[in-house]
Amino acid sequence: LGRVPVAVRLRATWFSGKMRPMEYRVAQLEALGRFLDEKKQDILEATAADMGRVRGGLGTGGPHAEFTEILLCKNELHETLNNLSRWMKDKHVDKNLVTQLDSAFIRKDPYGVVLIIAPWNYPIYIILVPLIGAIAAGNCVIVKPSEMTKNSERLVAEALPSYLDNDCFAVVTAGVQETTRLLENKFDYIFFTGSPSVGRIVMAAAAKHLTPVTLELGGKNPCYVSDTCDVQNVARRVAWGRFYNAGQTCIAPEYVLCSVEMREKLLPALHKAITDFYGPKPQESPDFGRMVGDKHFQRVQTLLRSGRAVIGGQTDEKDRYIAPTVLVDVQPSDPIMQEEIFGPVLPIVTVANVDEAIDFINSRERPLVVYAFSSDDKVVNQVLERTSSGGFCGNDTLMHVTLTSLPFGGIGNSGMGMQHGKFTFDTFTHHRGCLHRGMGREALIALRYPPYSQQKLGL
Ligand code: NAD
């Protein structure tokens, strides 16, 4: 790991074992808590400036920035601090006849020096959640925030190191070129959150050193709506999940699958939900965000050429504004159904029934989450049982992410590995199988040494 000076420093600390005692880890985690409390206003202002989450009215950063960037991180922190001593303990395991008097246990070892690479869409939350687990597990950590969200990147680079022990922790600010060089170093674990295409690059770089990886990636999350459900409730829950953070959420419902009859009921209900949430002019709503940058604005604007906008469809390049939009007449082969939209656009694709919806889902890459809405539990369970995805949520959107008791992660094209609560701790922990024997009982043990004879083996 010698090429980046900061990595040399962290490697030296790793060998010193400074981060191993529980008291040390707890002190660092408590310092993260102070960072969230004391820098709350700065975090809300930075994310607001980066993501356009507020334009006056509801307090800087807006309520949803406070929920995702502060409260969800605190939730992880509390869960970790409350359980760390239990999680860290050796786990004693079953023994066989010849090891009955010995000690067999799983030691929860840190990996060493780990690298966390984050995307821009929740620029504090997506850094802090793995960071909490990496510190809790006793690792030295290098964090690489996204260069897309400059205000949050600066805040993380300038403020976070003043709370944490810089012998064990560092922030590296880097664009693509510098990250490529960073990845030439040997790390003991890499935790990457971002797109599947960059995930492949990170995994290839990790493979050169046989470094294990977690890849938290994106994709297209389907949302099946059956004919039997409370349409207005469904519309509110789907619209909330799709348009939260202007659609730039990895677990947002990317498209709706439903019958033609349901589509006709859903459209006015979605229109009502969007108007209730953001008013008749969403561009003026303090609760509706903006595209993160010009490139992303143009990309999503181009995708709007697919199908026909029956709700929204307006754009304003100067403001990086794309209205909450619902598209119909979308073909499965349209560009909008090929790539992750990652913007406030919801296509509705019609299917004849639940079987066709399941076939549609299964004929594509495995998503990060599958959503299914129905007042008939059998239908929800049918979708759960016959599809495969990182996670699943029945009759709501996004809410599964709030439970630290659930593993969060992808499968196939949406990633590998898990995080949240103990799952993050376990991700950054090497489960070291240990047998500690006594020095006596040699006469018994001697049976296994050569030379072997029938008499020795008692045959
Ligand atoms: P991205 O893959 O473009 O970038 C992620 C990180 O990788 C950034 O820090 C960036 O600097 C770095 N990077 C970019 N190109 C690189 C390269 N060639 N070599 C090395 N590093 C490189 O992703 P993004 O646009 O920042 O984020 C959006 C994506 O992230 C979406 O696909 C979304 O679904 C996904 N995402 C997934 C989760 C999850 O938990 N599964 C959460 C949030 C976002």
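A polar contact is a pair of N or O atoms within 3.5 Å; within protein, one must be able to donate a hydrogen and the other to accept it, and residues adjacent in sequence count only if both atoms are side-chain atoms. The model is predicted, so local features need pLDDT of at least 70 and side-chain atom pairs pLDDT 80 or more, while totals for chains, interfaces and linings use all residues. Residues are numbered from 1 along each chain as its sequence is written, and side-chain values use heavy atoms, without hydrogens or water.

**Exercise 1.** Identify the polar contacts of the ligand with Lys144, Ser195 and Glu216.

*Solution.* Step 1: a polar side-chain atom of Lys144 is placed 2.7 Å from a ligand oxygen atom. Step 2: for Ser195, a polar side-chain atom lies 2.6 Å from an oxygen atom of the ligand. Step 3: Glu216 takes part through a polar backbone atom, 3.5 Å from a ligand nitrogen atom.

**Exercise 2.** Determine the class composition of the shell around the ligand.

*Solution.* Step 1: 27 residues surround the ligand (a heavy atom within 4 Å). Step 2: the shell divides into 16 nonpolar, seven polar and four charged residues, where Asp, Glu, Lys and Arg count as charged and Gly as polar.

**Exercise 3.** Establish how the residues of the UniProt "active site" annotation are arranged.

*Solution.* Step 1: the unreviewed UniProt entry lists Glu216 and Cys250. Step 2: they span 35 residues in sequence, yet no two of their C-alpha atoms are more than 9.3 Å apart, so they gather at one spot. Step 3: Glu216 is buried (under 20% relative accessible area, 1.4 Å probe, protein chains only), at 3%.

Conventions
UniProt positions renumbered as here; feature names shortened; annotations may be inferred. Buried < 20%, exposed > 50% of the residue type's maximum accessible area, 1.4 Å probe, protein only.
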